[in-house]
Amino acid sequence: MILPNNYWQTLGATTLIVALIALLLWLRKLVARKLDAWRHTSKEGLAATASRILPADRVAARLHILLNAICTAIGVVAFIRYLSYVLELYKETQEAGHWIVEVVLLPFKRIFDDFIAYIPNLFNALAIIIVTRYLLAIVHRIFREVGSGRIVISGFYPDWADPTYKLIRFLAMALALVGIFPYLPGSSSPAFQTISVFLGVLLSLGSSSVVSNLVSGTILTYMRALRIGDRVKIGDTSGDVIERTMLVTRVKTIKNEVVTIPNAILLTTHITNYSTLAQAEGLIIHTEVTIGYDVPWPDVHQALLEAARRTPHLLSDPSPFILQTALNDFNVSYELNAYTREANRIVAIRSELYRHIQDTFDDAQIEIMSPIYNSIRQSTHDDTVGFRPSPSAPRANGDRSVSSDPL
């Protein structure tokens, strides 16, 4: 029995599509094995091995995805072409074959033709991306060395290295995007240009505060007003700086509250930095006591200096010192000043100092009392030592108190 030609053509086409699919599967497995072997033997990437710009694992994963996409696309197109060819061999199914060619294959052909025509622009865009990436890698290496202190630039502080690199990276990416834009598909079409103008208007109207914070963050960086880890006071907020970005600064208070402050606000308010000179010259912790005139001032000085000596984290060199800041109507104001290098522990140190002031004054039998308390005690205990009744005002030794500026 002799089969018609169309049957032989169908058999040949079927054999060919099966062989093609088998070949694609074999090639995919072969290339996948080669990629896995290369990924395990290559530890540093394709190029610029020291900087790890293109790690081998990442490159291999992307090549796997690309390989699967290419094999799948070739297999699907080949099968559709085989199906349309076989249907066109028979009169009963010729219309279906023509429909598959016009509806399914022609769009694929147009996409393929457009892709072939776009290849020169694609290479131009890829060249801009690769050059920008490598230049940024070199710049990042340089600023990393500057930040670590291995490269010294006169007048350029190491803590400027990271924000300066981020600023350069932002500008470089913006320039690269401008360079790539003309090579994007459809960039010259009216619809694409209309969308671009619309997005530009939206950004210009809605990003005024963002731009303000960005500019303020850049200015604050080069002002060196604060750094990560500094103990600062910003307005009514006191705490440690835990994060700085180009938009906001986050401060962690002693109560474990994280306060987020926009950089634009920082630029228009006073910033008190307790850590700037703490390590080099020492931060002065000061507190004030008011003691009556009947207590000799050397005794008060001795008690205050002994309290400073007992307090941990207060330095003996430079030594603490006492200032008599005022001669009030009923008392003298004494200010204790002591140095510390632990700027982040000011609250705990001051609390410890207050306890030792109470102890040393108690040891010296010097009372720290308010005039109201003494007046009440005087009225109930006329025989109290050191107090004599007065009809109009409390005695000079009655106004004794401790005060300091809040952190």
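User: Which residues have the most contacts inside the largest nonpolar core?
Analyst: I291, L304, Y334 and F361. That core has 25 residues. Keep in mind that this is a predicted model.

User: Which elements give two or more residues to this core?
Analyst: Two strands and two helices are on the list: β6 (283-291), α8 (297-310), β8 (332-340) and α9 (346-363).

User: What lies apart from it?
Analyst: Another core, with eight residues. L220, L226, V241 and L266 are among them.

User: Back to β8. How many of its residues are buried?
Analyst: Nine of nine, so β8 is mostly covered, taking buried as under 20% relative accessible area.

User: Which residues sit on which side of β8?
Analyst: V332, Y334, L336, A338 and T340 are on one side. S333, E335, N337 and Y339 are on the other. Both faces are covered.

User: Why do the residues split between two faces like that?
Analyst: Because side chains in a regular strand alternate between the two faces of the sheet.

User: Now pairing. How many bridges join β6 to β8, and do they run parallel or antiparallel?
Analyst: Nine bridges, and the two strands run antiparallel. I291 of the core has V332 as its bridge partner in β8.

User: And how many bridges join β7 to β8?
Analyst: Six. β7 covers residues 321-327 and also runs antiparallel to β8. The bridge partner of Q324 there is Y334, one of the residues with the most contacts inside the largest core.

User: What do β7 and β8 form?
Analyst: A hairpin, with four residues between the strands.

Notes: Residues numbered from 1 in each chain as written. Predicted model: local features only at pLDDT ≥ 70, side-chain atom pairs only at ≥ 80, totals over all residues. Heavy atoms only, no water. Core = buried A, V, L, I, M, F, W, Y, C linked by side-chain atoms within 4.5 Å. Buried < 20%, exposed > 50% of the residue type's maximum accessible area, 1.4 Å probe, protein only. Pairing = 2+ DSSP bridges.
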